[in-house]
Amino acid sequence: MKLNVLAIKRLMANQQLTNTELSKRSGLSRQSISVILARGSCSIINVGRLANALQVDIEAIVNL
């Protein structure tokens with residue numbers, strides 16, 4: 001699923017989250033977070049994990 005990487009990075013900045021902290025919150029590895037942000041896409045399961053970790057709806061971080 002295609003992600004809005006800019007929106008994710010803005011949310012991370014607003015919450016003062018590093019990739020490491022986002023990985024802890026989401027249950028994904030730090031390396032996975034880096035790959036997801038670099039590629040701009042991931043599975044729907046991981047989209048859900050990221051949205052939960054950032055405390056937003058899925059629609060806030062995906063390109064529909």
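The dialogue below works through how several descriptions of this predicted model are justified.

Trainee: What makes up the secondary structure of the protein, and in what order do the elements run?

Mentor: The secondary structure comes to four helices and zero strands, and from the N terminus on the elements run α-α-α-α.

Trainee: Why is the protein called as compact as a globular protein of its length?

Mentor: Its radius of gyration is 10 Å, and the globule rule gives 11 Å for 64 residues; because the two values are close, the protein is described as being as compact as a globular protein of that length. The C-alpha trace spans about 25 × 20 × 20 Å along its principal axes, and residues 24 or more positions apart account for 55% of the contacts with a separation of 6 or more.

Trainee: What share of the residues counts as buried, and what does the accessible surface come to?

Mentor: Of the 64 residues, 39% count as buried, while the accessible surface comes to about 4,000 Å², of which 47% belongs to carbon and sulfur atoms.

Trainee: Why is N46 called buried?

Mentor: The cut-off for buried is under 20% relative accessible area, and N46 has 17% relative accessibility, so N46 counts as buried. N46 has its place in helix α4, residues 44-54, and, leaving aside neighbours within four places in sequence, N46 is in contact with L28 and I36.

Trainee: Which other residues of α4 are buried, and what covers them?

Mentor: Besides N46, the buried residues of α4 are V47, G48, L50, A51, A53 and L54, and what covers the buried residues of this helix includes α1 (5-14), α2 (19-26) and α3 (30-39).

Trainee: How do you know that α2 is roughly perpendicular to α4?

Mentor: The two helices pack at an angle of about 110°, with their axes 8 Å apart. Angles of 65 to 115 degrees count as roughly perpendicular, and therefore α2 is called roughly perpendicular to α4. At this packing, L22, R25 and S26 in α2 meet R49, L50, A53 and L54 in α4.

Trainee: What makes the arrangement of α2 and α3 roughly perpendicular?

Mentor: The axes of α2 and α3 come within 8 Å and cross at roughly 110°. Set against the range of 65 to 115 degrees, that value makes α2 roughly perpendicular to α3. The residues that meet here are N19, T20, L22, S23 and S26 in α2 and R30, I33, S34 and L37 in α3.

Trainee: Why is the pairing of E21 and R25 called a salt bridge?

Mentor: The term requires a side-chain nitrogen of Lys or Arg within 4 Å of a carboxyl oxygen of Asp or Glu. The side chains of E21 and R25 meet at 3.9 Å, N to O, and this pair is a salt bridge. A search of the whole structure finds one salt bridge.

Trainee: How are E21 and R25 placed along their helix?

Mentor: Being four residues apart in helix α2, E21 and R25 are separated by about one helical turn. An α-helix has 3.6 residues a turn, so residues three or four places apart point the same way.

Trainee: Why are E21 and R25 called partly exposed?

Mentor: Partly exposed lies between the buried cut-off of under 20% and the exposed cut-off of over 50%. E21 has 31% relative accessibility and so counts as partly exposed, and R25, with a relative accessible area of 38%, is also partly exposed.

Trainee: What class does V35 fall into, and where does V35 lie?

Mentor: V35 lies in helix α3 and is partly exposed, because its relative accessible area is 33%. V35 and S23 are twelve residues apart in sequence and 12 Å apart in space, C-alpha to C-alpha.

Trainee: What makes the phi of Q16 and of Q55 worth remarking on?

Mentor: Most residues other than glycine have a negative phi. Q16 has a positive phi of about 55° although it is not a glycine, and Q55, likewise not a glycine, has a positive phi of about 60°. Q16 lies in the loop between α1 and α2, whereas Q55 is found in the segment after α4, just after the helix itself.

Trainee: How do you know that Q16 and Q55 are exposed?

Mentor: The cut-off for exposed is over 50%. Q16 has a relative accessible area of 74% and is therefore exposed, and Q55, at 65% relative accessibility, also counts as exposed.

Notes:
Residues are numbered from 1 along each chain as its sequence is written. This is a predicted model: local features need pLDDT of at least 70, side-chain atom pairs count only at pLDDT 80 or more; totals for chains, interfaces and linings use all residues. Side-chain values use heavy atoms; hydrogens and water are left out. Buried means under 20% relative accessible area, exposed over 50%, partly exposed in between (1.4 Å probe, protein chains only). Contact means heavy atoms within 4.5 Å. The radius of gyration is taken over C-alpha atoms; the globule rule is 2.2 Å times the number of residues to the power 0.38. Accessible areas come from the Shrake-Rupley method with a 1.4 Å probe; for residues, only the protein chains shown count as cover. Axes are lines fitted to C-alpha atoms, for helices over the stretch in contact, and angles run from 0 to 180 degrees between N-to-C directions. Angles under 35 degrees count as roughly parallel, over 145 as roughly antiparallel, 65 to 115 as roughly perpendicular and the rest as oblique.
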